[in-house]
Amino acid sequence: QEKAKALPDYVAWKNADDVIVHTKETIETKRAAQGIELVTPSNSLYVRNNLPAPPEDIVADRDAWEIEFDGVANPTTMTVGQLKTVGVETVVCVLQCSGNGRAFFDHEASGTQWGVGAAGNVIWTGVPVRALVEAMGGASEGMTWLTGTGGEVIPEGIPAETVQVERSVPAELMDRAILAWDMNGEAIPLAHGGPLRLIVPGYYGVNNVKYIKKLAFTAEESPAKIQQTGYRMRPVGEAGDPSQPSMFEMNVKSWITGPLADAATGKVQIHGVAFGGTSAVNKIEVSTDDGATWTEAAFIGPDLGEYAWRPFVLIADLPAGEHVLASRATNAAGDTQPETVEPNERAYGHNGWRAHAVDLTIT
Ligand code: MSS
């Protein structure tokens, strides 16, 4: 067995028992640790950085962090302290990397081999973007994109657009997006984007720009590589280009988080998590016979909103032998998880129920 890698310094506060350290910039939550957690504890939430995190001193005086606004009638720069006076809202949403589930594809795409753990359910508090835009006299004419720029300082000599984490989402997302300073009831840790992070509920992780230093309404999508050719849904073997679908809206998804090891015959408590993507999850089914038959499972705990995940449970009577446990979620829009998905070059967006199934031996 491979020796577990130690937690890097900037996330030394994470719970080492609950995570898999793939690299310094990619840390996954263990499937068993996701359990039936309504909200993912910050110390077990996954981390994914495209660039090394900025130095810790950017969170020394959080309220002093500045963000520039552009593409509005009255462009301005504000501190986090000032943002806190404009408005406040809390949203619970699934934060999930586009590549979550990459390990379940067969075409051996490069990149971190995430299982189910590049996802968590997180509580974010911050100012609604629409309140800020209103305060700044509205978005300028013809601006169809909302573009956020990450606060990493790009070393001199490297053209910024090749590495800068700058993402554009359709401008109407300003109605849903918030600029958050708080995560799970505490100031956002540096690793998760403190002092200030753009949250676009229902959208893949990459659109949720950490340590955001600029938010602008723009006429075009960001020229950054991460927008133009990166994070595109494309056939295996094809290069990325802006005509391909960008990793924006998440799809409906669920997976079982337990039991993952052998269990004793009799009543077995099967549990997991389910979410709808951009439309609320409203049905979850579990199969104990490799998808031949399905039984509706029960959601556990309060509904934290359309962008949140819901833990679920099914008590099943399982005889001794081998069982394949699978789960299948449906959202309010009527989308149900497919059995399988087509491969795509970067192995993004896997929500096929079969590959997410778990083998269980009952003794
Ligand atoms: N932001 C910034 N600034 N930078 C980086 O790198 N990354 C992305 C997001 N944001 C970044 C950002 C990604 S890509 C993801 S997932 C996310 O983030 C994660 O988060 P956390 O907190 O978990 O770490 Mo894929 O789609």
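## The ligand and its cavity

The ligand takes up the space of the largest cavity. The structure is a predicted model, and the ligand's surroundings are described here before the largest pocket.

The shell around the ligand holds 22 residues, and those that come nearest are Asn50, Cys97, Glu152, His192 and Lys210. Sorted by class, this shell has 11 nonpolar, 7 polar and 4 charged residues.

## Polar contacts of the ligand

Which parts of the protein lie close to oxygen atoms of the ligand? For asparagine 50, a polar backbone atom is 2.6 Å from an oxygen atom of the ligand. For tyrosine 46, a polar backbone atom is 2.8 Å from a ligand oxygen. Arginine 197 takes part through its side chain: one of its polar side-chain atoms lies 2.8 Å from an oxygen atom of the ligand.

## The largest pocket

Empty space of this kind is found by rolling a probe the size of a water molecule over the atoms. The largest pocket has a volume of about 440 Å³. Its lining consists of 24 residues, and Arg48, Asn50, Lys225, Ile226 and Tyr231 lie nearest the centre of the pocket. Two elements, helix H4 (160-163) and helix H5 (225-228), each give two or more residues to this lining. H4 gives the most, with 3 residues.

What classes of residue make up the lining of the largest pocket? The lining divides into 10 polar, 8 nonpolar and 6 charged residues. Asn50 belongs to both descriptions: Asn50 is one of the residues that come nearest the ligand, and Asn50 is also among those nearest the centre of the largest pocket.

Technical notes
Residues are numbered from 1 along each chain as its sequence is written. This is a predicted model: local features need pLDDT of at least 70, side-chain atom pairs count only at pLDDT 80 or more; totals for chains, interfaces and linings use all residues. Side-chain values use heavy atoms; hydrogens and water are left out. On a 1 Å grid over the protein atoms alone, a cavity is a set of points where a 1.4 Å probe fits but cannot get out, and a pocket is an open set with protein on both sides within 12 Å along at least five of seven lines; lining residues have an atom within 4 Å of a point. Grid points are joined across faces, edges and corners, and a volume is the space filled by probe spheres set on the points. Helices (H or I, at least four residues) and strands (E, at least two) are DSSP runs, numbered from the N terminus. Ala, Val, Leu, Ile, Met, Phe, Trp, Tyr, Cys and Pro count as nonpolar, Asp, Glu, Lys and Arg as charged, and the others, Gly among them, as polar. A residue is near a molecule or strand if one of its heavy atoms lies within 4 Å of it. A polar contact is a pair of N or O atoms within 3.5 Å; within protein, one must be able to donate a hydrogen and the other to accept it, and residues adjacent in sequence count only if both atoms are side-chain atoms. A molecule sits in a cavity or pocket if more than half of its atoms lie within 2 Å of its grid points.
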